[in-house]
Amino acid sequence: MPVFYGTTIDSPLMLGTAGYPSPKILADAFARSGAGVATVSLRRESGGGQDFWALIQSLGVVLLPNTAGCHTAREAVTTAQMAREVFGTDWIKLEVIGNTDTLQPDVFGLVEAARILSAEGFKVFPYCTEDLVVCERLLDAGCQVLMPWGAPIGSGLGLNNPHGLRALRAAFPDVALVVDAGIGLPSHAAAAMEMGFDAVLLNSAVARAGDPAAMAGAMAAAIRAGREACLADPMERTDMAIPSTPVIGRAFL
Amino acid sequence: MRITINGTPQDSTAATLAQALAEAGLTGRIATALNGSFVPATLRETTPIRDGDAIEALAPMQGG
């Protein structure tokens with residue numbers, strides 16, 4: 001099971017709380033998913049915030065507030081400070097968005113904000129790209145978890161750069177790695193776990209499914225299968241066939 | 001004086017951030033920022049409000 005900043009989480013599935021058809025469906029999806037972490041956000045109070053707080057309290061999961069929508073390090077730092085007070089946690093999913101079409105992280109602002117927040121005692125979960133050097137900078141800034149994207153947020157495209165993700169796993173064997181964003185199907189989540197990622201963070205794939213609770217269950221099963229496959233040490237791939245049935249003893253007909 | 005709370009300009013007689021939040025009916029589990037900087041709950045009673053100030057009061061919300 002994943003360990004984030006010394007805390008062991010019961011499930012490698014981290015689930016977002018946005019975009020569900022109703023609060024009841026959200027609660028059902030969480031129950032089916034077995035998720036150990038729920039991502040949440042802060043927005044201007046317009047009446048629903050207090051009810052939502054009661055709902056997430058009932059889920060029995062660890063909360064991971066995000067800085068979604070922030071486009072500068074300064075905005076993200078202020079949002080993180082506010083989130084720490086409201087949610088009572090020093091965990092922060094750090095998002096500094098650099099492009100409005102792709103919601104691609106601004107990795108320069110991200111590293112800057114990660115350094116500031118780590119110095120203030122935050123446990124930073126940076127939403128980043130799979131760039132090896134950026135990830136090194138984030139570790140230098142104090143991060144003990146990296147959360148590279150699979151594909152743009154909400155796209156459901158899966159793992160756009162499996163080679164890059166595998167390279168990260170190989171480069172940082174002892175760092176907690178999470179694929180965050182882009183997951184659309186259970187097979188995408190299973191693939192990330194097969195690569196040896198510690199966890200998968202997804203939201204839209206469940207919330208926007210026709211039956212979110214059923215999809216949450218499918219994701220949980222896929223992630224479990226992917227994890228078990230990784231631990232089972234998968235066979236090497238080859239380009240040519242290797243007969244599985246013994247050649248010796250074949251009849252001469 | 002005129003202040004802005006969560007993007008809405010309004011008249012206010014509040015002397016402190018805590019009074020401005022009470023005037024606007026903002027209670028419960030919220031976090032506050034004044035002119036872009038975080039103000040902890042423990043400092044709201046002693047944080048003065050001036051003409052033109054911009055207050056943000058944020059609450060828990062769904063997120064991915």
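The following paragraphs describe the contact between chain A and chain B in a predicted model, and then three local regions within the chains.

In the predicted model, the two chains meet through 25 residues of chain A and 26 residues of chain B. Together, chain A and chain B bury about 2200 Å² between them, with 57% of this area lying on carbon and sulfur atoms. On the side of chain A, A:Arg44, A:Met82 and A:Glu85 supply 29% of the area that chain A buries against chain B, which is more than any other three residues contribute.

The polar component of the interface comprises 16 residue pairs in polar contact, counted where both residues have a pLDDT of 80 or more, and 2 salt bridges are found between chain A and chain B. One of the residues named above, A:Arg44, forms a salt bridge with B:Glu56, in which the closest N and O atoms are 2.7 Å apart. The elements of chain A that give two or more residues to the side touching chain B are strand 4 (37-44), helix 2 (49-57) and helix 3 (73-87); of the elements of chain A, helix 3 gives the most to that side, with 7 residues. When sorted by class, the side of chain A that touches chain B consists of 8 nonpolar, 10 polar and 7 charged residues.

Strand pairing also links the two chains, in that strand 4 of chain A and strand 5 (residues 54-62) of chain B pair in the antiparallel sense over 5 bridges. Within this pairing, A:Ser41 stands opposite B:Met61 in strand 5 of chain B.

Strand 5 of chain B also has a partner within its own chain, since strand 1 of chain B and strand 5 of chain B pair in the parallel sense over 2 bridges, with B:Thr4 standing opposite B:Ala54 in strand 5. Along strand 1 (residues 2-5) of chain B the side chains alternate, such that B:Ile3 and B:Ile5 point to one face and are buried, whereas B:Arg2 and B:Thr4 point to the other face and are not buried. Strand 1 of chain B pairs in addition with strand 2 (residues 8-11) of chain B, in the antiparallel sense and over 4 bridges, and here B:Ile3 stands opposite B:Gln10 in strand 2. In the hairpin that strand 1 and strand 2 of chain B form, with 2 residues between the strands, B:Asn6 takes a positive phi near 50°.

In chain A, A:Asp180 is located in strand 9 (residues 176-180). This charged residue, A:Asp180, counts as buried because its relative accessibility is 2%, the cut-off for a buried residue being under 20%. The side chains of A:Asp180 and A:Lys93 are joined by a polar contact of 3.1 Å. Apart from neighbours within four places in sequence, A:Asp180 is in contact with A:Lys93, A:Tyr127, A:Met147, A:Pro148, A:Trp149, A:Gly150 and A:Leu201.

Strand 9 of chain A is also among the elements against which the buried residues of helix 7 of chain A pack, the others being strand 10 (199-202) and helix 9 (212-231) of chain A. The buried residues of helix 7 (residues 186-194) of chain A are A:Pro186, A:His188, A:Ala189, A:Ala190, A:Ala192 and A:Met193. Just after helix 7 of chain A, A:Gly196 takes a positive phi of about 100°.

Note on methods:
Residues numbered from 1 in each chain as written. Chains lettered and ligands numbered in written order. Predicted model: local features only at pLDDT ≥ 70, side-chain atom pairs only at ≥ 80, totals over all residues. Heavy atoms only, no water. Contact = heavy atoms within 4.5 Å. Buried area = accessible area lost by both parts, 1.4 Å probe. Salt bridge = Lys/Arg side-chain N within 4 Å of Asp/Glu carboxyl O. Polar contact = N/O pair within 3.5 Å; in protein donor to acceptor, adjacent residues only side chain to side chain. Nonpolar A, V, L, I, M, F, W, Y, C, P; charged D, E, K, R; others polar. Pairing = 2+ DSSP bridges. Buried < 20%, exposed > 50% of the residue type's maximum accessible area, 1.4 Å probe, protein only.
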